[in-house]
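Hello,

Here is the structure I promised to pass on to you. Have a look at it first, and my notes on what turned up are underneath.

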Amino acid sequence: MLNTIFRIVIACALLGPLAAKAEPPALLDATRVPHLGAEGRADYQRFLLQAVPRAFALSADGAWGWAAAIDDDPVATETRAVQNCAAWGGRGCRVYARDLDVVWPGREEAAPPAPAAPLAGGAGWRVQADGRFLWQGAAQARGVYLWAHGRSAGGADSRGTQPQPHARAFNNAGYDVVRLDRDPATDETEAGAAWMRLALAELRARGYRRVVAAGQSRGAWNALQALDAPGRADAVIAIAPAAHGPTGSVAHGWALDDLRRVVAATRSPGTRIAIANFAGDEFDPDPEGRAAIFGAFAGRGAALLLLDRPPGLTGHGAGADWRFTLRYATCLLDFAEGRVRGCG
């Protein structure tokens, strides 16, 4: 018995003290927001799915209001939040939360900074922690969500663009959010796919518990290309995947054949695959044909969620629409983690 106790003590000494489970940031706990009733707390949860800049204002008499991404201007956004609170009868409205920080007097809590240096990279690409999202690091995070931007027409530089708001559901659940930033000068389709594979390997090597590859347009297409080997990602979220230009592009002639090749190359039976395909997408040469090909991912991954032309959402950029976020963000998280197979 004594020998057993001795072995346990030695083991504890070698492992160090058990790490206490970190409390979630005050920002994410709606019950800590003063003066709010149930309806206000529910609306605060919707606020937490918004892009930055964002601000949530409230008053001692229980009114509240929020605003997000007003002309990408933090001052205008905060002003609008206070005005919205006052419009609902609030007196003395003031800001409770600004971006990632709680700023209410006596309850202040600033979010820890994300790493400024790239996590990985090479010629033409880098993996960058996004400081507009809460950061924990691989040892503490529930997983990591890698966002890949689209390729802008005319070669505009999309590096640094904010991931779509549905990524907030992952971040609020404990995922770190990082970007795959690609140099437009060298950002060809196959190069982007190679960088995606390297980025996912680096995040695996860092020890993240779960790895989610996500993107919009060309970034989404590259995420699907990374399914050509098992184990790179636990889930892929492809929003309006495309790699062949808008309506009128000569490349539309072989777009469907290329998509079939991406499906045929998929060798990732453990990966859950979510795809959003929108009506009125100028980068979609054949909505019915593409939907049928996307359906062929079923059986090539652990599960397929195909959001095919959901009602009320149109155009190539519909994944950034607030209605998409409120309708599907939490469901995408639940699907990626295996709790649901479909979204109502």
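A word on terms before the notes: contact here means heavy atoms within 4.5 Å. Please also keep in mind that this is a predicted model.

Let me begin with the sheet. It is an open one of 8 strands with mixed pairing, and the strand order is 5-6-8-7-9-10-11-12. At its edges are strand 5 (120-122) and strand 12 (303-308), each of which pairs on one side only. From one strand to the next, the twist averages 15°. Strand 6 (residues 125-129) and strand 8 (residues 175-182) run antiparallel and are joined by 5 bridges. If you would like to find one of the residue pairs there, Trp 125 has Arg 182 in strand 8 as its bridge partner.

Next, the helix that lies on this part of the model. Helix 6 (residues 218-225) lies across strand 7 (143-148), strand 8, strand 9 (211-216), strand 10 (235-239) and strand 11 (272-277). Relative to strand 9, helix 6 runs at about 140°.

Helix 6 also has a helical partner. How do the axes of helix 6 and helix 7 (residues 255-264) cross? They do so at roughly 40°, coming within 9 Å of each other. The two helices are therefore oblique to each other, as angles count as roughly parallel only when under 35 degrees. On the helix 6 side, the contact is made by Trp 221, Leu 224 and Gln 225, and on the helix 7 side by Ala 255, Asp 258, Leu 259 and Val 262. Sorted by character, the residues of this contact are 5 nonpolar, 1 polar and 1 charged.

Finally, the disulfides. How many does the structure hold? There are 2, and with the bonded cysteines numbered in sequence order the pairing is 1-2, 3-4.

- Cys 85 and Cys 93 are linked with their sulfur atoms 2.2 Å apart. The torsion about the S-S bond is -75°, and the link is left-handed. Both of these cysteines are buried.
- Cys 331 and Cys 343 are joined with an S to S distance of 1.7 Å. The torsion about their S-S bond is about -100°, so this disulfide is left-handed. The pair links distant parts of the chain, 12 residues apart: Cys 331 is in helix 9 (residues 322-336) and Cys 343 in the segment after helix 9. Cys 331 and Cys 343 are both buried.

Happy browsing, and best wishes

Terms used:
Residues are numbered from 1 along each chain as its sequence is written. This is a predicted model: local features need pLDDT of at least 70, side-chain atom pairs count only at pLDDT 80 or more; totals for chains, interfaces and linings use all residues. Side-chain values use heavy atoms; hydrogens and water are left out. A disulfide is a pair of cysteine sulfur atoms within 2.5 Å. Buried means under 20% relative accessible area, exposed over 50%, partly exposed in between (1.4 Å probe, protein chains only). Helices (H or I, at least four residues) and strands (E, at least two) are DSSP runs, numbered from the N terminus. Two strands pair if DSSP finds at least two bridges between them. Axes are lines fitted to C-alpha atoms, for helices over the stretch in contact, and angles run from 0 to 180 degrees between N-to-C directions. Angles under 35 degrees count as roughly parallel, over 145 as roughly antiparallel, 65 to 115 as roughly perpendicular and the rest as oblique. Ala, Val, Leu, Ile, Met, Phe, Trp, Tyr, Cys and Pro count as nonpolar, Asp, Glu, Lys and Arg as charged, and the others, Gly among them, as polar.
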